[in-house]
Amino acid sequence: MNIPKLVFKNLTSKKSRFVFTLSGITIGIASFVTLVSLGSGLKAEIKRQAGEIGGNLIVTPKGWCAYEQVSVLIGEKLPEAIPFDEFEKIASIKGLTAVPYLTERTAIKNNPVPVIGILPSEMKAFKKWEIGEGTYFESQNENAVIIGFSIAKQFELKPGDEITIRKQIFLIKGVLKETGTKDDIAIFMPLSIAQKIYGIDNKVSFIAVKVDDISKINEYILKIEDIANVSVVSDKELLKSVLSIVGTVSLTLQTIAAVAILAALFGIINTMMMAIYERKREIGILQAIGCTRGTIFIIFLFESLLYGFLGGVLGLVIGILLSYFGSPYISQNEFTAFLKGGEFRDAFNLSLIIGVLGFSVLISLASGLYPAYRASKITPVEAIAYE
């Protein structure tokens with residue numbers, strides 16, 4: 001007796017049932033793969049963006065919530081709440097370098113784009129920017145803008161072009177070299193000009209601080225909080241806070257996907273139990289030709305395993321395709337606008353693929369245990385009596 005051939009024949013004898021049962025496990029695994037890969041890609045990108053802030057400390061107004069801390073990383077518009085005088089006090093502390101950010105918004109061809117007010121020379125030195133095309137600001141109050149690499153590419157802008165912000169025309173002086181960070185999708189202008197056109201009275205959104213001696217970071221935090229009426233968070237604390245939010249959202253989505261897999265598991269059990277009742281005669285014949293209870297148990301368990309393996313492979317392929325082609329649309333979301341599709345694609349690795357396949361096979365085996373046990377317990381009398 002050829003058991004694999006017998007199993008394959010049994011599975012495909014009821015084609016519609018086979019397809020629907022397989023679809024259940026495929027959809028569950030595909031959902032799980034998509035959400036896990038997107039969540040992993042999002043966390044990896046947030047860690048990278050946090051490292052690209054360039055500062056060891058982030059100075060914010062007192063009372064900012066977690067969402068506003070997330071906005072620091074993703075470059076969203078933030079309320080301007082720190083007086084520039086407070087920035088000057090912080091910048092006067094020896095052993096640290098501070099740069100202010102004023103984050104606002106404009107639109108190019110109806111697409112929202114961040115506008116960031118900066119101190120040109122200080123920011124260039126702080127972030128070690130390099131100019132890809134054109135030139136950089138020549139003074140702190142120059143009525144012009146520098147744009148990020150992706151902005152230039154997306155809207156086909158180049159040095160010498162003009163853009164309109166708040167009904168005022170600005171000359172594009174230069175394009176930054178690609179940084180791989182949110183700087184690529186922002187427009188930069190001198191802080192004083194940004195404050196003027198947005199009607200902001202000498203305030204900034206937040207301040208990034210780089211310290212000379214990282215081992216004294218707590219000492220610097222106390223000095224800043226003593227000298228200015230602000231809150232200070234380290235880049236590690238900020239990253240931890242953001243990741244905790246992302247982790248909660250990711251866990252919730254994965255739980256939903258797990259419920260889909262659980263539903264598919266019961267689908268396998270239902271299919272196998274129906275197969276037992278329909279194949280009592282076949283079980284009786286197998287017993288008549290000398291098959292042991294153990295062999296019958298293995299046949300039914302093998303059928304269940306095949307559902308899990310085939311569903312796992314199909315679900316993995318569909319999940320990868322969904323993540324690959326869906327990530328550009330996901331990055332259009334305001335929260336993930338700073339992400340690029342490639343980072344989601346990089347979230348796949350061999351361990352994830354093996355883990356998903358192993359998980360799919362494991363749950364299919366678990367769902368096949370009881371039906372296989374029931375099949376092996378059918379007596380010859382029961383089998384012969386079945387019509």
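1. Let's start with Glu 303 and Arg 279, which are both buried in this predicted model. Their side chains meet in a salt bridge, with N and O 2.7 Å apart. The pair ties together distant parts of the chain: Glu 303 belongs to helix H11, while Arg 279 sits in the loop between helix H9 (235–278) and H10, 24 residues apart.

2. A second place to look is Lys 173, where salt bridges that share partners join Glu 138, Glu 142 and Lys 173 into one network. Glu 142 bridges to Lys 173 with the closest N and O atoms 2.9 Å apart. This pair, too, links distant parts of the chain, with Glu 142 in the loop between S5 and S6, Lys 173 in strand S8, and their positions 31 residues apart. Both Glu 142 and Lys 173 are buried.

3. The other partner in that network is Glu 138, whose side chain meets that of Lys 173 at 3.4 Å, N to O. These two are 35 residues apart: Lys 173 lies in strand S8 (residues 168–176), and Glu 138 in the loop between strand S5 (131–134) and strand S6 (144–147). Is each end buried or exposed? Lys 173 has a relative accessible area of 11% and is buried, whereas Glu 138 is exposed at 67%. In total, the structure holds ten salt bridges.

4. Next, please turn to helix H10 (residues 280–288), whose buried residues are Lys 280, Ile 283, Gly 284, Leu 286 and Gln 287. Viewed down the axis of H10, they fall within an arc of 160 degrees, so they line one face of the helix. A general point helps here: an α-helix has 3.6 residues a turn, so residues three or four places apart point the same way. On the face of H10 turned away from the buried side you will find the exposed residues Arg 281 and Ala 288. After H10 comes Gly 290, which has a positive phi, near 105 degrees.

5. On the surface, have a look at the nonpolar patch of about 600 Å² made by Phe 309, Leu 310, Val 313, Val 317, Leu 321, Tyr 324 and Phe 325. Among these residues, Phe 309 is placed in helix H11 (residues 293–330). Phe 309 is partly exposed, with a relative accessible area of 37%.

6. Finally, which residue lies 6.2 Å from Val 204 in space, C-alpha to C-alpha? That residue is Ala 81, 123 residues away in sequence. Val 204 itself is part of strand S10 (residues 203–204) and is buried, with a relative accessible area of 0%.

Terms used: Residues are numbered from 1 along each chain as its sequence is written. This is a predicted model: local features need pLDDT of at least 70, side-chain atom pairs count only at pLDDT 80 or more; totals for chains, interfaces and linings use all residues. Side-chain values use heavy atoms; hydrogens and water are left out. Buried means under 20% relative accessible area, exposed over 50%, partly exposed in between (1.4 Å probe, protein chains only). Helices (H or I, at least four residues) and strands (E, at least two) are DSSP runs, numbered from the N terminus. The arc is that of the directions from the helix axis to the C-beta atoms. Patches are made of residues with over 30% relative accessible area and no salt bridge: like charges are joined within 9 Å, nonpolar side chains (Val, Leu, Ile, Met, Phe, Trp, Tyr) within 5 Å. Accessible areas come from the Shrake-Rupley method with a 1.4 Å probe; for residues, only the protein chains shown count as cover. A salt bridge is a side-chain nitrogen of Lys or Arg within 4 Å of a carboxyl oxygen of Asp or Glu.
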